[in-house]
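User: Could you walk me through this fold? I'd like to go question by question.

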Amino acid sequence: MSITLTFLGTSCSTPTPERNLSSMALVYRGHTILFDTPEGVQQQLMRTGHSLVKINHIFISHFHGDHTLGLSGMLATMTTLERKTDLHVYGPRGIGEFVSLSVRVADFFPSFTIIPHELHEGMILDEKEYSISAVKLNHSCMCYGFFFEAESKAGEFQRTQALKLKIPEGPLWGKLQKGETIMHAGKKFTPGMVMDYSKAAEGTRIAYIMDTFPHANYVDALKQFNPHALIHEASFLESEKERAIEVKHSTAKMAGEVATHTQVKQLILTHFSPRYPNGKDMAKEAGSVFKPVTAAHDLMKIEFPEKQPREREKNKPLRKKNSTKK
Ligand SMILES: [Zn+2]
Ligand SMILES: [Zn+2]
């Protein structure tokens with residue numbers, strides 16, 4: 001099993017003949033999660049073999065048009081396709097009104113229920129197989145970054161050991177697997193007595209950081225989240241640093257510095273100003289402070305294993321990294 005990221009667009013502000021506006025699809029165990037919905041996103045999804053009907057969760061980082069103006073058309077197409085499943089749309093405060101407006105301007109009646117969710121910092125979506133939390137970024141309007149974390153494997157339950165200790169099969173086994181200490185026949189049993197934690201594996205962690213000038217708030221959260229892959233906007237090169245500061249965006253070097261501070265394993269740059277036709281320049285500049293770095297291009301796919309070997313605290317139960325702030 002793997003996690004596949006597809007870069008549906010990599011431009012900022014306006015599309016170019018080579019680049020659509022920035023958005024990304026994440027596919028994991030049959031779930032398709034969409035991050036941002038710029039104009040043109042429907043065709044990019046179709047070109048890369050994603051079904052609109054399979055998308056159940058859409059995360060909108062902020063309301064700037066280069067991240068949102070495709071939502072209306074996408075909802076209209078889902079209705080044409082007679083979608084029936086609920087669709088969850090997450091966005092900053094005002095997302096409910098934005099969704100209603102998106103339906104009104106296209107003048108249709110959705111064939112399905114659209115459930116808007118206002119974002120806040122902390123855990124947003126806590127499913128059995130994965131979770132997504134949000135963190136505030138530092139842009140000219142309220143903008144959120146997202147942390148995706150695949151399910152971890154707590155370790156391996158040693159059945160023979162449990163039977164040897166005369167712990168009966170049933171709910172008590174489940175409790176031990178969840179990390180609870182139990183009492184049975186007047187004796188205390190700890191999870192460590194039946195769990196092999198050396199077999200534990202961490203779920204892959206991916207951070208999606210769109211429009212922002214670097215800021216301690218999200219950099220600290222990234223450090224704690226410790227992602228295996230960081231997707232970070234890089235609107236400009238350092239030669240346009242003043243402009244980056246003015247409009248609250250990052251340069252490629254700044255994205256590289258964020259990656260260095262947070263010790264991520266891999267940096268992927270996206271959201272490039274149309275003034276830079278060649279992503280290699282962005283990768284080269286970020287690469288002067290952090291490696292490995294990749295400049296994304298439209299329709300680029302990257303696969304990650306869904307689990308990663310544990311690096312620290314090998315003999316302790318795993319904890320979720322995602323649920324710090326509320
Ligand atoms: Zn943008
Ligand atoms: Zn923006």
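Here is a short run of questions and answers on this predicted model.

User: Let's start with the overall layout. How many Å separate the centres of domain 1 and domain 2?
Analyst: The domain assignment gives domain 1 as 2-153 + 200-309, in two stretches, and domain 2 as 156-196. Taken over C-alpha atoms, the distance between their centres is 42 Å.

User: Now the open sheet of seven strands. Which strands stand at its edges?
Analyst: The order is 6-5-4-3-2-1-19, with mixed pairing. The two end strands each have a single partner, so one side of each is left without a neighbour in the sheet. Those are strand 6 (114-118) and strand 19 (301-305).

User: And how many degrees are neighbouring strands of this sheet turned against each other on average?
Analyst: This angle ignores strand direction, so parallel and antiparallel neighbours can go into one average. The value is 20°.

User: Zooming in on strand 5, which residue is the bridge partner of Phe 59 there?
Analyst: Strand 4 (residues 55-59) pairs with strand 5 (residues 87-91) in the parallel sense, over three bridges. For Phe 59, the partner in strand 5 is Tyr 90.

User: What about the other side: which residue in strand 6 is the bridge partner of His 88?
Analyst: Strand 5 also pairs with strand 6, again in the parallel sense, here over five bridges. The strand 6 partner of His 88 is Ile 115.

User: Is the crossover from strand 5 to strand 6 right-handed or left-handed?
Analyst: The chain leaves strand 5, runs through helix 4 and arrives at strand 6, making a β-α-β unit. Helix 4 (residues 95-106) packs on the sheet and touches strand 5 and strand 6, with its direction at about 150° to that of strand 6. As for cover, four of the five residues of strand 5 are buried. The crossover is right-handed.

User: Which residues does a cis peptide bond join?
Analyst: Look in the loop between helix 10 (279-287) and strand 18 (293-295), where you'll find Pro 292. Omega at this bond is about 0°. The pair is Lys 291 and Pro 292.

User: Lys 166 has a positive phi without being a glycine. Is Lys 166 buried or exposed?
Analyst: Its phi is near 60°, and Lys 166 sits in the loop between helix 5 (159-164) and helix 6 (171-177). There are 10 other C-beta atoms within 10 Å of Lys 166. The cut-off for this class is 12 or fewer, so Lys 166 counts as exposed.

User: Then how is Lys 248 classed: buried, partly exposed or exposed?
Analyst: Lys 248 also has a positive phi, about 55°, and is found in the loop between helix 8 (241-246) and helix 9 (252-262). It has 18 other C-beta atoms within 10 Å. Buried takes 20 or more and exposed 12 or fewer, so Lys 248 comes out as partly exposed.

User: Last one, on the largest nonpolar core. Which residues touch the most other members?
Analyst: This core has 75 residues. Met 282, for instance, touches residues including Ala 234, Leu 237, Phe 272 and Ala 295. Another core, of six residues, lies apart, with Ala 162 and Phe 189 among them. Back in the largest core, the residues touching the most other members are Leu 267, Leu 269, Met 282 and Ala 286.

Technical notes. Residues numbered from 1 in each chain as written. Chains lettered and ligands numbered in written order. Predicted model: local features only at pLDDT ≥ 70, side-chain atom pairs only at ≥ 80, totals over all residues. Domains from an automatic or database assignment. Pairing = 2+ DSSP bridges. Axes fitted to C-alpha atoms, helices over the stretch in contact; angles between N-to-C directions. Contact = placed C-beta atoms within 7 Å. Right-handed = clockwise from strand over helix to strand, strands pointing away. Core = buried A, V, L, I, M, F, W, Y, C linked by C-beta atoms within 7 Å. Lists of a residue's contacts leave out its neighbours within four places in sequence.
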